[in-house]
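Reader: I am new to this structure and would like a close look at a single part of it. Please take me through that part slowly, and explain each term when you first use it.

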Amino acid sequence: MHEYGDDLQKSDMTGQVIVPLEDCAPHLRTINLFPCSSGFDTGERVLYNPYLLYVHSGRGMFRIGENQYDAEPGDLYYCPAGVTQQIQADRLDPFLLTGIDFDLTSHHRSRSLPHHTTPESFREEDIPLPSYRLDPPGLSEVMRRPGDGDLREMLLNLLAQHDGRAVYWEAQVSGLLKSLLAYLLRLRMLPPDARSESNRLSAIIRYLAENHGAGVTCGSISAMFHYHPDHLSRLMKLYAGMTLKQYLTGLRIREALSLLRYSDLPLTEIAEKTGFCSQSHFSRVFREKTGHPPSKYAVNTTGKS
């Protein structure tokens with residue numbers, strides 16, 4: 001059994017310790033908001049931890065291994081531990097960057113680690129921690145996300161909580177970093193031609209959180225966000241793991257559960273308020289999704305008929 005816990009298993013193919021996303025408790029080692037000077041150049045370096053680099057503004061070059069990228073605002077890069085990298089900022093329009101060094105687990109948060117070394121002095125056996133990878137595997141080496149306000153907001157919130165160091169800040173930062181990794185993996189699941197749609201899909205999910213009652217249909221949502229209903233349903237299946245209709249029904253059932261438990265509204269009013277066409281339709285769908293009639297969850301069954 002591996003010393004790092006029953007939830008981690010060793011990969012037969014790579015020797016890496018596999019960390020399921022559900023069990024991931026990442027540890028953020030460093031994060032910054034770094035304004036590069038004109039012509040800034042890190043030179044070739046090798047980091048001892050996985051590394052994310054986000055370009056807030058400016059231009060320049062970022063190299064990961066043998067791959068060289070012309071970096072622009074909105075770009076996010078991922079570089080695994082032990083891979084040579086280099087950052088060069090443009091002389092006329094230098095970068096404003098956020099760099100993140102992290103571990104995929106918190107088992108080694110008390111260990112002091114060197115940040116980086118030169119390729120000439122780096123040896124694989126010098127990495128003081130075992131190599132981890134997420135399951136599902138794979139962050140993209142480059143993710144171009146111009147205009148992705150959600151991503152930028154997550155990064156700035158992570159930076160603020162890390163630098164603020166309020167009570168329980170480490171637990172909060174770990175949760176925010178896990179949320180960021182989940183967001184990036186969800187984007188990875190979308191086909192390349194649909195990744196540019198993630199901003200609108202995120203906007204749809206935010207809209208539905210507040211607007212899923214009477215009058216809201218798959219057709220009205222598709223029209224509002226300028227999609228063909230079948231295309232939007234396919235994208236939602238990839239992005240959220242269920243079709244738009246399934247997602248909308250799930251929101252309505254969860255709201256109905258809350259109303260049953262914490263209000264005295266009759267079933268007819270709950271059905272209408274949560275967007276079902278009738279009480280009988282509500283009761284049928286509710287039983288299909290929960291396995292029980294609505295009355296089972298009512299805090300007070302008086303008047304709920």
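Author: Ala-182 is a good place to begin, and it lies in helix H2, where a helix is a DSSP run of H or I with at least four residues, numbered from the N terminus. The model is a predicted one, in which local features need pLDDT of at least 70 and side-chain atom pairs count only at pLDDT 80 or more, while totals for chains, interfaces and linings use all residues. Residues are numbered from 1 along each chain as its sequence is written, and side-chain values use heavy atoms, with hydrogens and water left out.

With a relative accessibility of 24%, Ala-182 counts as partly exposed, a class that lies between buried (under 20% relative accessible area) and exposed (over 50%), computed with a 1.4 Å probe on protein chains only. Ala-182 also has a partner from elsewhere in the sequence: Leu-21 is 161 residues away along the chain, yet the two C-alpha atoms are 7.5 Å apart in space.

Moving from Ala-182 to the loop between H1 and H2, we find Arg-165 there, and Tyr-168 lies in that loop too. Arg-165 is not a glycine, although its phi is positive, at about 50°, and Tyr-168, likewise a residue other than glycine, has a positive phi near 65°. As for accessibility, Arg-165 counts as partly exposed at 48%, whereas Tyr-168, with a relative accessible area of 71%, is exposed.

Helix H2, which spans 169-189, is one of the elements against which the buried residues of H3 pack, and the others are helix H1 (149-164), helix H4 (218-224), helix H5 (229-240) and H6; contact here means heavy atoms within 4.5 Å. H3 itself runs over residues 198-210, has 13 residues, and reaches 19 Å from its first C-alpha to its last, close to the 18 Å expected at 1.5 Å a residue, the expected span being 1.5 Å times one less than the number of residues.

The residues of H3 that count as buried are Ser-198, Leu-201, Ser-202, Ile-204 and Leu-208. Seen down the axis of H3, these buried residues fall within an arc of 155°, so they line one face of the helix; the arc is taken over the directions from the helix axis to the C-beta atoms. To return to the start, Ala-182 in H2 is thus set in a helix that meets the buried residues of H3.

Notes: Helix = DSSP H or I, 4+ residues; strand = E, 2+ residues; numbered from the N terminus.
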